[in-house]
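I opened this notebook to keep track of what I looked up in the structure, entry by entry. The entries follow the order in which I went through the chain's elements.

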Amino acid sequence: MTARVRLRSEEETRAFGRALAEILPPGTIAALTGVLGAGKTRLVKGIAEGLSIDPDDVSSPTFTMIAEYHGAARLVHVDLYRLETEGDAEGIGLPEVFAAGAWCAVEWADRLPGLVPATVGIDLGVTGESEREAVVTFEKAAETSYISAPARPGIFSGNGMTHGPHCSKIRRDERRDGGADSQRRAARGRGARPRRQGRRHRLGDVGETDRLLKLAHEMCDPPPRREVDVLLNTGEQVSIALLSMAIEKLGRRARSFLGHQIRIKTDSDFSNARIRDINVGSLIETLDKGVIAVVAGFQGIDEEGNLTTLGRGGSDTTAVALAAAIHADLCEICTDVDGIYTTDPNMYDRARKIDEISYEEMLEMASLGAKVMHGRAMLFASVYNVPVLVRSSFNDHPGTMIVPARPDMEKVVVRGITYEKDAARIRFIGVPDRPGVAAAIFEPIGSAGINVDLIIQNSSTDGFTDMSFTVSRKDLGAAMAICRRIAGDLNPVALEEDKRIAKVSVVGLGMRTHANIASRLFKALADSGINIEMVSTSEIKVTCVIEEDRLQDAIRIIHDAFGLDKDPNAFVHDEAAAGA
């Protein structure tokens with residue numbers, strides 16, 4: 001399987017590396033090729049970050065040829081730039097390195113043609129000053145290394161209910177899904193995962209997860225993260241047991257599985273663990289016997305046998321990962337809405353359901369605030385090419401298919417509108433415009449684990465400039481504390497914070513091939529008196545920072561401006577309307 005990934009900045013190259021490390025298991029051998037300066041080492045730094053290794057420790061081992069780093073997993077870094085003969089490879093112990101089972105990144109792998117047992121090949125090409133294109137090829141071995149069983153059809157239900165299951169509701173759902181329709185799904189190898197709306201790990205929400213978290217904080221504040229994961233695992237156990245009983249009552253055989261019983265192996269980042277490997281042998285045996293497997297989502301086990309949880313969206317991630325592992329034809333995510341909409345129907349009642357959306361668009365929308373699917377689940381789906389159907393748990397209406405991008409999808413200019421209220425802005429006014437100032441600001445913020453989103457630096461005036469950036473509102477207090485310390489050294493004219501902002505974004509593959517999308521967006525907002533305070537763009541999205549109290553107005557205006565209320569699947573950019 002081959003895929004092309006466009007990397008529009010150095011940070012996106014590192015982010016791609018992080019994504020690879022999060023998804024691909026230990027034992028992965030990545031063959032990195034490309035011209036000098038294409039960004040191979042930068043990609044390795046991202047892989048290191050994904051394995052909880054300090055990226056500053058990473059540098060090309062040009063002379064030693066092999067370096068080793070340790071974090072959540074071991075990373076072996078090989079640089080074959082100075083390799084002269086194949087005999088040198090044995091002399092430095094490469095065969096032993098490749099057989100060690102560690103995550104291994106090999107720069108200049110084409111110096112040993114045919115001798116690097118790569119599970120994934122990444123060829124980096126230079127397309128602009130800071131832009132790169134990665135051609136990613138998963139070798140046949142890689143496509144099966146993630147799993148421990150051959151491909152065959154089956155049905156599984158990864159139950160990750162945020163709320164405690166209501167028995168009568170489970171019985172109703174099972175009656176609706178029984179009979180011929182259930183038989184058909186088993187034949188097609190689909191994975192169904194009932195889920196309910198609700199954000200995980202938020203105290204005060206109604207639900208079993210939140211009840212357990214409240215108990216933990218009443219006992220010890222803050223509670224140990226390992227013990228929190230042990231506690232949260234019990235909620236999923238109740239759900240899958242009751243669901244299995246309901247299926248048995250309807251005359252079908254069912255068996256429940258906890259994450260550790262089918263060996264969903266993760267790292268040890270409690271409350272936010274990442275899946276490293278899945279052994280689906282027992283799952284396949286169950287399916288081969290005609291038994292419905294009900295698998296707990298949101299949980300796993302680390303190398304030391306500790307129970308872990310996957311964080312927000314963990315049940316989606318489990319479902320897609322299991323679908324990839326058993327080579328399912330389709331992964332169904334069953335939720336409380338009929339599919340993916342052009343925008344949040346709670347914000348605009350003219351929102352329309354989308355029949356089909358690409359992995360790339362859905363991943364972008366998830367990262368920009370869309371709650372229906374989680375970004376990590378979309379990364380699994382795109383890497384392992386798993387078609388995903390998002391549909392309602394409460395009816396049989398057609399849902400939304402999430403699939404690989406096709407050229408005809410670019411006819412739709414704007415696929416959807418997302419928003420984020422949980423944002424805050426920090427602004428340094430009048431800092432010296434000299435090398436090292438940006439690093440002095442953002443390095444300590446990054447070291448504190450605070451994610452910085454939009455960054456804007458104004459043009460210099462008399463040797464001084466303004467620097468603005470956004471963070472999550474929950475991180476604002478910690479970020480401002482760091483910025484006040486930094487301000488003591490930089491001596492800016494002022495340091496400001498603003499919690500009254502929101503982000504609104506438009507996403508669509510058609511932006512690649514149609515001009516004036518940003519100008520239409522800006523004009524629509526301007527005509528309604530909505531001021532744009534910051535802007536960020538990429539190949540398929542435009543994000544605007546605006547006043548929070550105008551957010552709903554902005555969503556409605558943009559939705560109408562691009563005609564998304566008419567037909568989200570057939571709207572094509574009108575060049576005349578755009579003034580092109």
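**Entry 1, strand 21 and its partners.** I began with strand 24 (residues 494-498), which is joined to strand 21 by five bridges, the two running antiparallel. The model I am reading is a predicted one, and I keep that in mind for every entry below. To fix the register of this pairing I looked up Ile429, and found that its bridge partner in strand 24 is Ala494. I then turned to strand 23 (residues 464-472), which pairs with strand 21 in the antiparallel sense over eight bridges. Here the register can be read from Ala424, whose bridge partner in strand 23 is Val471. I also checked burial: nine of the 10 residues of strand 21 (residues 423-432) are buried, so I noted this strand as largely enclosed by the rest of the structure.

**Entry 2, a four-stranded sheet.** Next I traced an open sheet of four strands, whose order is 20-25-27-26 and whose pairing is antiparallel. Which strands stand at the edges? They are strand 20 (416-420) and strand 26 (534-537), and because each has a single partner strand, one side of each is left without a neighbour in the sheet. Neighbouring strands here are turned against each other by 20 degrees on average, with direction ignored. For the pairing of strand 20 with strand 25 (residues 501-507) I found five bridges, with the two strands antiparallel, and within it Gly416 has Val507 of strand 25 as its bridge partner.

**Entry 3, helices lying on that sheet.** I looked up what lies across these strands and recorded two helices. Helix 16 (residues 517-527) lies across strand 25, strand 26 and strand 27 (541-547), and runs at about 20 degrees to strand 27. Helix 17 (residues 551-561) lies across strand 20, strand 25 and strand 27, running at about 15 degrees to strand 25.

**Entry 4, helix 1 against helix 13.** I then looked at how helix 1 (residues 10-23) packs with helix 13 (residues 375-384), and noted an angle of about 85 degrees with the axes 11 Å apart. Since angles from 65 to 115 degrees count as roughly perpendicular, helix 1 and helix 13 are therefore roughly perpendicular to each other. Helix 1 contributes Ala19, Glu22 and Ile23 to the contact, while helix 13 contributes Arg376, Leu379, Phe380, Val383 and Tyr384. By class, the residues of this contact divide into six nonpolar, no polar and two charged.

I stayed with helix 13 to ask how much of it is covered: nine of its 10 residues are buried, so this helix is largely enclosed by the rest of the structure. Among the buried residues are Gly375, Ala377, Met378 and Ala381, and Arg376, Leu379, Phe380, Val383 and Tyr384 are buried as well. Just after helix 13 comes Asn385, whose phi is positive, near 55 degrees.

**Entry 5, salt bridges.** My count of salt bridges comes to 35, and I followed three of them in detail.

The side chains of Arg4 and Glu133 meet in one of these, at 3.0 Å from N to O. This pair links distant parts of the chain, with Arg4 in strand 1 (residues 2-7) and Glu133 in strand 7 (residues 132-138), 129 residues apart. Arg4 has 59% relative accessibility and so counts as exposed, whereas Glu133, at 22%, counts as partly exposed.

Arg276 and Asp267 form another salt bridge, with an N to O distance of 3.6 Å; are these residues buried or exposed? I found Arg276 buried, and Asp267 buried too.

The third is between Arg391 and Glu332, at 2.9 Å from N to O. It links distant parts of the chain, since Arg391 belongs to strand 18 (residues 388-392) and Glu332 to strand 16 (residues 330-335), 59 residues apart. Arg391 is buried, and Glu332 is buried as well.

Finally, I noted one network in which salt bridges that share partners join Arg6, Arg8, Glu12, Glu360, Glu410, Arg512 and Glu539.

**Entry 6, Arg6.** I closed with Arg6, a member of that network that is found in strand 1. Its relative accessibility is 44%, so Arg6 counts as partly exposed. Leaving aside neighbours within four places in sequence, Arg6 is in contact with Glu12, Arg132, Glu133 and Glu539. I also looked up the spacing between the C-alpha atoms of Arg6 and Leu124, which are 118 residues apart along the chain and separated by 9.8 Å.

Technical notes:
Residues are numbered from 1 along each chain as its sequence is written. This is a predicted model: local features need pLDDT of at least 70, side-chain atom pairs count only at pLDDT 80 or more; totals for chains, interfaces and linings use all residues. Side-chain values use heavy atoms; hydrogens and water are left out. Two strands pair if DSSP finds at least two bridges between them. Axes are lines fitted to C-alpha atoms, for helices over the stretch in contact, and angles run from 0 to 180 degrees between N-to-C directions. Contact means heavy atoms within 4.5 Å. Angles under 35 degrees count as roughly parallel, over 145 as roughly antiparallel, 65 to 115 as roughly perpendicular and the rest as oblique. Ala, Val, Leu, Ile, Met, Phe, Trp, Tyr, Cys and Pro count as nonpolar, Asp, Glu, Lys and Arg as charged, and the others, Gly among them, as polar. A salt bridge is a side-chain nitrogen of Lys or Arg within 4 Å of a carboxyl oxygen of Asp or Glu. Buried means under 20% relative accessible area, exposed over 50%, partly exposed in between (1.4 Å probe, protein chains only).
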